Amino acid sequence: MQTTNTTDFPDESGSEARRPGDPCIMVIFGASGDLTKRKLIPALYNLAKENLLPSNFALVGFARNEFSTEEFREILNEDIKLYATSDVDPELWKWFEERIYYMSGDFADPAAYQKLKAFLAELDTKHGTGGNYFNYLATSPNFFATIVQQLGAGGLTTEENNWRRVIIEKPFGRDFESAKKLNKDIQQVLNEKQIYRIDHYLGKETVQNILVFRFANGIFEPIWNRRYIDHVQITVAETVGVEDRGGYYEVAGTLRDMVPNHIFQLICLTAMEPPVSFDADVVRDEQAKILKSIQPMTPEEVLTRTVRGQYGESANGAVKKMAGYRSEPQVSPTSRTETFVAMKLLIDNWRWADVPFYLRTGKRLPKRVTEIAIQFKRAPFVLFRNTAVEKMTPNRLVMHLQPDEGISLSFGAKIPGPIVQIGNVNMDFHYHDYFGTTASTGYERLLHDCMVGDATLFQRSDMVEASWNIVSPIQDVWEALPPRKFPNYSAGSWGPKEADELLEHDKRHWSTTE
């Protein structure tokens with residue numbers, strides 16, 4: 001089967017999304033960290049390879065480490081060999097490397113920002129970047145407000161015939177109150193159109209394809225509602241443990257790390273109403289409506305509709321012996337931090353009334369998989385009452401987001417033979433079969449969108465606060481009532497048995513992911 005009629009969606013200005021970014025300088029705060037070498041530099045290189053990085057471009061790494069520009073370039077020259085997603089073209093890398101610079105400084109030192117301002121002015125002249133700057137905060141969240149305030153005080157956020165933007169990494173706050181305060185602090189310096197709250201998950205092709213799948217195909221949207229859909233399941237499973245992130249994870253936990261950002265964004269894309277255009281604020285208006293429609297739980301509902309877990313060592317007989325969470329580096333031997341979360345959410349609007357959304361996410365599960373399973377209601381059984389058919393299996397549509405991107409639809413078909421028997425069959429679509437594979441870190445689309453001023457895939461302040469408003473009652477109950485039995489699932493299993501019971505109570509079960 002061949003694909004035809006490929007279409008590029010327009011950005012806010014109406015031009016094609018495939019155009020190169022605007023001339024600009026990117027400043028990475030915390031440039032000596034892992035994110036820069038593992039994701040950001042490879043993503044920028046991939047944009048250059050696709051002719052989507054502007055020719056008038058420069059990059060400034062800013063961190064406390066005392067490097068010269070030459071030393072920073074040498075470090076990245078070695079790192080790109082390890083972390084590039086495809087073969088590195090020496091000539092293209094040389095072109096890119098010549099546009100990389102470095103400055104050392106303290107994030108809270110006003111003098112460092114004056115020095116940065118003067119340096120950026122020099123680079124504007126050298127590379128013809130027109131005074132357009134975007135700053136990427138690849139630092140600890142503790143520095144987010146400080147850096148933005150210092151940028152403002154240093155005159156680096158004022159727009160005069162140019163643009164100034166700031167990309168802020170997750171987590172955006174620890175709870176509702178801290179997210180609200182962080183929004184207030186940065187909005188004293190920046191207007192909302194200058195703020196790009198990034199979630200790299202939304203850079204994945206298949207996540208973006210949810211909108212295309214729903215709204216560009218007339219056969220699905222008419223049945224995408226409570227009349228035909230029984231329930232929705234979202235699974236984000238990881239086989240790895242916390243690895244070297246024990247210190248971070250002890251503070252964050254799976255609820256904070258995954259639910260208010262990654263998973264709620266998937267819920268928004270799955271459940272939102274059709275926007276009237278692909279304008280950033282129009283799309284985000286519809287996403288915000290979904291978040292504001294999710295019913296916050298009462299303390300009693302938290303006890304019956306949420307499950308938390310922590311992995312112990314792998315069970316006897318496991319192929320590979322895996323340590324429990326409490327044995328991981330930088331983790332307390334009596335830790336109460338959750339590494340698994342499951343819950344049942346309800347969206348209180350006309351389209352989704354009484355349709356439960358079940359979600360689960362965790363570390364040390366048997367398979368790395370992210371999927372959205374849409375289970376439709378069963379067909380009436382009356383026609384098959386006097387046949388050999390014992391039950392009707394409901395149709396299920398599964399959007400596979402990683403690692404194998406694609407979509408599958410299961411439905412019933414008659415098994416050949418003299419009697420009526422129904423077998424379950426699958427129609428499968430795999431991205432690589434039709435469109436090939438594109439080397440990607442997941443950051444390319446988001447960095448490019450920032451350069452062209454398209455904030456569609458970035459969170460707005462009201463979306464962030466609405467997400468934390470849903471999570472806050474769960475945080476309150478879990479903090480008030482410590483877990484009684486951690487660890488409560490074996491590394492390599494599908495989580496605690498209570499997660500299965502959450503669905504079994506509603507006479508449902510998790511989509512098969514084995």
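This is a short tour of a predicted protein model, stop by stop, with something to select at each one.

Before you start, note that residues are numbered from 1 along each chain as its sequence is written. In this predicted model, local features need pLDDT of at least 70 and side-chain atom pairs count only at pLDDT 80 or more, while totals for chains, interfaces and linings use all residues, and side-chain values use heavy atoms, with hydrogens and water left out.

**The whole protein**

Show everything as a cartoon. You will find 14 helices and 16 strands; helices (H or I, at least four residues) and strands (E, at least two) are DSSP runs, numbered from the N terminus. Of the 514 residues, 53% are buried. Here buried means under 20% relative accessible area, exposed over 50%, and partly exposed in between, with a 1.4 Å probe and protein chains only. Among contacts (heavy atoms within 4.5 Å) with a separation of 6 or more, 77% are between residues 24 or more positions apart.

**Stop 1: an open sheet**

In what order do the 6 strands of the open sheet lie? They follow the order 3-2-1-4-5-6, with parallel pairing. Two strands pair if DSSP finds at least two bridges between them. Select residues 100-104 and 195-197 to see the edges: strand 3 and strand 6 each pair on one side only. On average, neighbouring strands of this sheet are turned by 20 degrees against each other, direction ignored.

Now zoom in on strands 4 and 5, which run parallel and are joined by 5 bridges. Pick N135, and look for its bridge partner V166 in strand 5. Then add helix 5, which lies across strand 1 (24-29), strand 4 and strand 5 and runs at about 160 degrees to strand 4. Such angles run from 0 to 180 degrees between N-to-C directions, and the axes are lines fitted to C-alpha atoms, for helices over the stretch in contact.

**Stop 2: aromatic rings**

A pair of aromatic rings is described by the distance of the centres and the angle of the planes. Rings of Phe, Tyr and Trp (its six-membered ring) pair if their centres lie within 6.5 Å; planes under 30 degrees apart count as stacked, over 60 as edge-to-face and the rest as tilted. By this rule there are 21 aromatic pairs.

Select F134 and W163, a tilted pair with 6.4 Å from centre to centre and 45 degrees between the planes. F134 belongs to strand 4 (residues 133-137), while W163 is in the loop between helix 5 (144-153) and strand 5 (164-168), 29 residues apart. Both F134 and W163 are buried.

Next, select Y311 and Y325. Their ring centres are 5.9 Å apart with planes at 75 degrees, so this pair is edge-to-face. Y311 is in strand 9 (residues 311-312) and Y325 in the loop between strand 9 and strand 10 (340-346), so the pair ties together parts 14 residues apart in sequence. Y311 and Y325 are buried.

For a group of rings, show F29, F62, F107, Y113 and F143, which ring pairs link into a cluster.

Go back to W163 and add R165: the charged end of R165 sits over the W163 ring, 3.8 Å from its centre. R360 and W494 offer another case, with the charged end of R360 4.7 Å from the ring centre. A charge sits over a ring if NZ of Lys or CZ of Arg is within 6 Å of the ring centre and within 35 degrees of the ring normal.

**Stop 3: the nonpolar cores**

In soluble globular proteins, nonpolar side chains tend to be buried together. A nonpolar core here is a set of buried Ala, Val, Leu, Ile, Met, Phe, Trp, Tyr and Cys residues joined through side-chain atoms within 4.5 Å. The largest has 124 residues, of which M26, F29, L44, Y136, I267, L345 and L447 touch the most other members. Which helix gives the most to this core? Helix 8 (residues 246-271) does, with 10 residues.

Select I267 and leave aside neighbours within four places in sequence: I267 contacts I234, I290, I294, L345, I347, F357 and L359. A second, separate core of 20 residues includes V331, F340, V369 and A491.

**Stop 4: strand 12**

Select residues 369-376. In strand 12, 8 of the 8 residues are buried, so this strand is largely enclosed by the rest of the structure. V369, E371, A373 and Q375 point one way, and T370, I372, I374 and F376 the other way.

Add strand 7 (residues 229-237), which pairs with strand 12 in the antiparallel sense over 8 bridges; the bridge partner of Q233 is A373. Strand 13 (residues 396-402) also pairs with strand 12 in the antiparallel sense, over 6 bridges, and H400 in strand 13 stands opposite E371.
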